[in-house]
Structure formats: C-alpha cells, structure tokens
Amino acid sequence: MSNLTKEIPKEERVLLRKIFWRSFTLYSSVSPAKQGGSGFCYSMMPFINKLYNNPEDKKEALSRHMSYFSATIPMSTFIMGLTASMEKENSMREDFDTTSINAVKSSLMGPLSGIGDSIFWGVIRVIAAGVAVSMGQSGNVLAPIIFLLLFNIPAVVIKYYGTFLGYSLGAKYIEKLYASGLINILTKAASIVGLIMVGGMTSQMVNFKTTVQFKMGGTSVLNLQNMLDQIFVGIIPLGLTLLCFYLMKNKKVSINILLIAIIILGILLSALGIA
Amino acid sequence: MLVQATLVALAVFICVGGAELIGLSMLNRPIVIGPLVGLLLGDLHTGVLIGAALEAVFMGIVNIGGAQAAEPGIATAVGTAFAITVGGGSQVALTLAIPIGILGLQVKNLLYIFLVGFFAPVFDKLAVKGEERKIITLHFGLWAVNWFLYSLVAFFGILVGSDAVQALLNAIPHFILNGLTICGNLLLAVGMAMLLRLLWNNKIAVFFFLGFVVVAYLKLPLVALAALGIIVAIVIAYNDFEISQLAKAGVGENVQVTDSEEEDFFDE
C-alpha cells in the first residue's frame with residue numbers, strides 16, 4: 001500500500017490528502033436532490049484550484065462536482081481520487097470530453113455504495129455494535145469507545161487508501177486511453193453503465209405507492225397500485241423522473257420550482273388520500 | 001431542568017450533528033450517545049446500561065437516504081435523560097424514547113427537505129459563479145443551523161416532558177406527516193433527473209430504461225446491475241473498437257483483412 005502513495009508526486013499527494021480530510025464532511029449539508037453534492041465539490045476544491053488557472057475552467061469544474069453525489073463515505077474517496085485524475089487530464093488536454101468525468105462518477109457511485117453499504121453498515125457496524133452492547137450490558141464504560149474504534153478504524157483506513165488508489169489507477173489508465181484514442185469508446189461505455197445505474201437507482205430509490213382502492217360491498221374490487229404494477233412496475237417514479245428531466249432540459253424549469261412542486265404534490269396526494 | 005435540557009441538547013448537537021459532519025462516523029448511535037448523556041448528567045453507569053439496551057433495539061435501524069423509523073440519536077438522548085432524572089431504567093427510557101424519536105425524525109425530514117433542500121439550487125448558482133468561499137460557508141453554515149434547530153427538539157422535549165411530546169405528535173395532522181414521507185421518496189426523482197441531464201444522449205438513452213426494468217422486475221441489487229452494465233458496456237465498447245479499427249484500416253492502403261466475412265463486407 002505504501003508503494004501506492006510513493007508513486008504519486010509529493011505535491012499531488014498533499015492535495016489528495018486534503019481531499020481525504022475534506023471528504024469527511026461529505027454529508028454536512030445533505031439534501032434530497034443533491035445528497036453529498038456540496039461535500040463532493042468542497043472536497044475537490046484544492047485540486048480544482050491547483051489545476052485550473054483560468055476562472056472559467058474553474059467555474060465549470062466546480063459546477064461539475066456540485067451535481068448529485070451519493071456513496072458510502074468510506075468508498076467515496078476512491079471516486080474522488082479517480083475524478084481528480086480525470087480533472088488533471090482535462091486540464092492538460094484540449095480535447096478532453098468532460099462528460100466522461102460525470103459518467104465515471106455516476107457509474108461508480110451505485111456499485112461502490114452497494115458494496116460499501118453492505119460491508120460497513122451491514123457487517124462492520126453490526127459486529128461493532130454487537131461487541132459493544134454485550135460490554136455495555138455489564139456496565140463497561142469503554143463500550144462506546146470500543147464501538148467507535150471497531151467501526152471507524154477500518155472505515156478511515158479504507159477511505160484514506162481509497163483516495164490514492166483511485167487517483168493512481170485513474171491516472172495510469174487515462175494516460176493509456178488517450179494514447180490509443182480509446183477515450184471516446186470508453187466515454188460511451190461509461191455513459192452506458194452510468195445510464196443503466198441511474199435507471200436502476202431510479203427504480204430502487206424513487207418510491208411511490210398509491211393506496212387507492214375501489215370497494216364494492218366491502219370487498220376490494222380494484223386495487224389501483226396492483227393495476228399500475230400490472231401495467232408497468234414503477235410507472236409513476238419512472239414517469240416523474242422523466243418529467244423532471246424533460247422540464248429541466250427542454251423547458252429550462254429551475255430545480256427550485258421542481259422541488260416546491262414535488263413537495264406540494266406529496267402533501268396533496270396525502271391529503272386526498274391517494275398515497 | 002433548564003441545565004439538563006441544555007446539556008442533552010448539546011449531546012444531540014455533538015453526536016447526531018457531529019456524525020453528519022465527520023463522515024457518518026456512528027457518533028449518533030445509542031451506544032455512544034447514551035453514555036455521553038449519562039456522563040453529562042452525572043450518572044455514567046446508567047447511561048452505559050441504557051445506551052446498550054437501546055442500541056440492541058435500534059441495531060436494525062440505519063437511517064441512510066430516506067429515513068423511515070425513529071431517529072435513534074435523539075431518542076436515546078432524551079430517553080436516557082428521563083431515565084436518569086425520573087428513574088425507572090431502560091424500560092422507561094425506551095417508552096419515552098420512541099415518541100421523541102419519531103418526532104425527531106419528522107423534524108429531521110422537515111429540515112432535510114425545507115431548509116437544506118431549498119439551498120440545493122443556491123449551491124448550483126454559487127458553483128457556476130465560482131464563489132468558493134460562499135460554497136464553503138453555506139456547506140458548514142447549513143450544517144450548523146440544521147443541527148442547532150434539531151437539538152432544540154431535545155431541549156424542549158426535556159423541558160416539557162414526554163406526554164407533551166406525544167400530544168404534539170398527535171396534534172400534527174397525519175396527512176402532513178404522511179405527505180412528508182411521500183416527498184422524501186419522490187424528491188430523489190429530481191436528483192436522478194439531474195444525473196440524466198449529465199449523461200443523456202439519445203443514442204444510448206435506452207440503457208436508462210434497461211437499468212430501470214431490470215431492477216423493477218428482476219429486483220437485482222445495484223451491485224449485480226453494475227456487473228451487468230459493465231458486461232453490456234464491454235461488449236459494446238469492443239464492437240466500437242473493432243469498427244474503429246476497421247475504419248482506420250479502411251483508410252490505409254495496404255489493408256490485410258484476414259477474415260473472409262470481412263472481405264465480403266468490403267466487396268459490397
């Protein structure tokens with residue numbers, strides 16, 4: 001592992017370490033539409049400032065990393081490191097396709113979180129809590145400390161090395177890709193994985209269930225949700241996501257209005273007894 | 001009571017807020033916050049015992065993403081405080097903890113959707129303008145305001161007692177609480193739409209639907225979906241690569257095509 005960090009020039013190592021420290025605050029201002037977006041942007045700032053001297057490029061990079069980001073924290077720095085290496089390529093090459101940066105980001109966050117959530121929340125946390133609870137039940141005051149150490153040591157170690165691993169893997173591969181002209185093919189491939197993941201996340205995370213039932217003589221003759229499910233499972237979340245996308249892209253509706261509209265919609269649906 | 005309420009609110013701010021500030025580091029779990037409240041109120045032993053008891057209850061509950069159950073941090077803090085001041089051990093702590101945990105979750109959702117949620121577009125605007133300082137201020141400012149307001153729930157919870165908490169919870173119309181839960185689930189659509197805006201390309205947009213259908217009908221976990229996605233992407237990338245090689249070869253003069261099928265293709 002120490003070889004991993006030594007291969008990277010000292011100056012960049014310092015910047016990566018800053019990313020690592022800043023990444024702790026990923027979810028400080030977590031919100032429904034952005035999750036850790038602002039935290040990701042905050043983490044990338046030292047690198048962005050180093051790479052881009054032109055204010056326009058810098059602004060572009062900042063907004064690029066302000067988009068929705070959600071990943072298990074210990075896994076997030078791997079993506080940050082990889083992103084940093086792509087930003088570095090972008091700063092050095094005129095022809096770099098910046099959509100590939102977000103394509104890589106969004107295709108990685110799903111699977112890495114899938115692995116991360118089950119390892120950290122599902123396994124390590126439960127083990128740590130199990131040990132600590134049995135200590136605490138006998139009144140051992142060290143229980144909370146043992147709990148925090150058992151969970152956080154593996155989490156922080158993986159987070160730390162992840163930063164460098166992501167960066168050096170990314171830097172090496174991207175160099176090669178450019179030399180062989182494969183980057184366009186790869187951007188397309190990454191976008192495909194990204195789109196598949198966004199599709200999957202939409203199905204898994206955007207949820208809506210209606211409770212409407214039509215009754216006749218006390219027995220339910222028509223359950224609207226079942227009917228909707230027979231037409232297409234998740235038709236409402238899919239439709240809503242596509243509608244939001246359409247409104248943002250083609251109608252230039254601001255995200256503010258969309259957020260307010262959805263809140264009103266949610267309370268209205270609840271008030272009318274639809275969901 | 002005022003001193004105790006302040007101390008408990010402080011514990012909630014440090015632990016529940018702190019967990020969000022330093023990387024969901026589990027500071028907000030009952031096993032940590034129980035002993036801390038015990039320490040602050042001068043009865044560490046009870047704090048540890050109740051923390052352990054509540055951790056066992058809440059072990060299955062992890063509030064990540066859409067939060068659905070009682071918030072364990074505030075539930076433990078207030079429950080432990082009552083158990084220490086009123087007495088009665090972990091049974092009392094648990095019964096008192098649940099209503100305030102549910103109330104806490106509602107307040108947390110409110111802050112998540114209305115306070116921080118409304119600043120999401122502001123973040124975008126600041127990024128476009130390149131206002132780094134302001135992004136940083138907002139990033140941490142929102143955190144401080146959010147969790148300060150949240151810890152007030154614990155403060156008033158201790159001051160007014162558990163009956164009042166239950167009464168308050170009953171007073172909020174059910175449809176509002178339910179509506180907020182629906183919002184929490186639907187608002188993610190905006191986040192997904194923003195990702196789509198970054199990735200959308202009419203030629204490959206169909207893959208978005210592939211991902212959706214596979215998860216909706218086959219209930220594949222995201223890791224499996226990613227593996228599937230990567231396989232599809234590799235196949236397509238390989239095809240593209242071959243086409244690009246052929247295109248390159250086609251441009252050159254001395255093309256040596258080994259495959260007879262490809263020869264046929266060029267003969268046409």
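User: Before we look at chain B, how are helix axes and the angles between them defined?
Analyst: Axes are lines fitted to C-alpha atoms, for helices over the stretch in contact, and angles run from 0 to 180 degrees between N-to-C directions. This is a predicted model, in which local features need pLDDT of at least 70 and side-chain atom pairs count only at pLDDT 80 or more, while totals for chains, interfaces and linings use all residues. Residues are numbered from 1 along each chain as its sequence is written, and chains are lettered from A and ligands numbered from 1 in the order in which they are written.

User: OK, at what angle do α1 and α4 of chain B pack?
Analyst: Helix α1 (residues 2–21) of chain B packs against helix α4 (residues 72–86) of chain B at about 150 degrees, with the axes 10 Å apart. The pair is therefore roughly antiparallel, a label given to angles over 145 degrees.

User: And which residues of α1(B) and α4(B) meet there?
Analyst: From α1(B), B:Q4, B:V8, B:A11, B:V12, B:C15 and B:V16 meet B:G73, B:I74, B:A77, B:V78, B:A81 and B:T85 of α4(B), where contact requires C-beta atoms, placed from the backbone, to lie within 7 Å.

User: Switching topic, how many helices and strands has chain B?
Analyst: Chain B has 12 helices and zero strands, counted as DSSP runs numbered from the N terminus (helices H or I, at least four residues; strands E, at least two).

User: How many residues does each chain put into the contact between B and A?
Analyst: Chain B gives 93 residues and chain A gives 98, and on the side of chain B the largest share, 13 residues, comes from helix α11 (residues 222–251).

Technical notes: Parallel < 35°, antiparallel > 145°, perpendicular 65-115°, else oblique. Contact = placed C-beta atoms within 7 Å.
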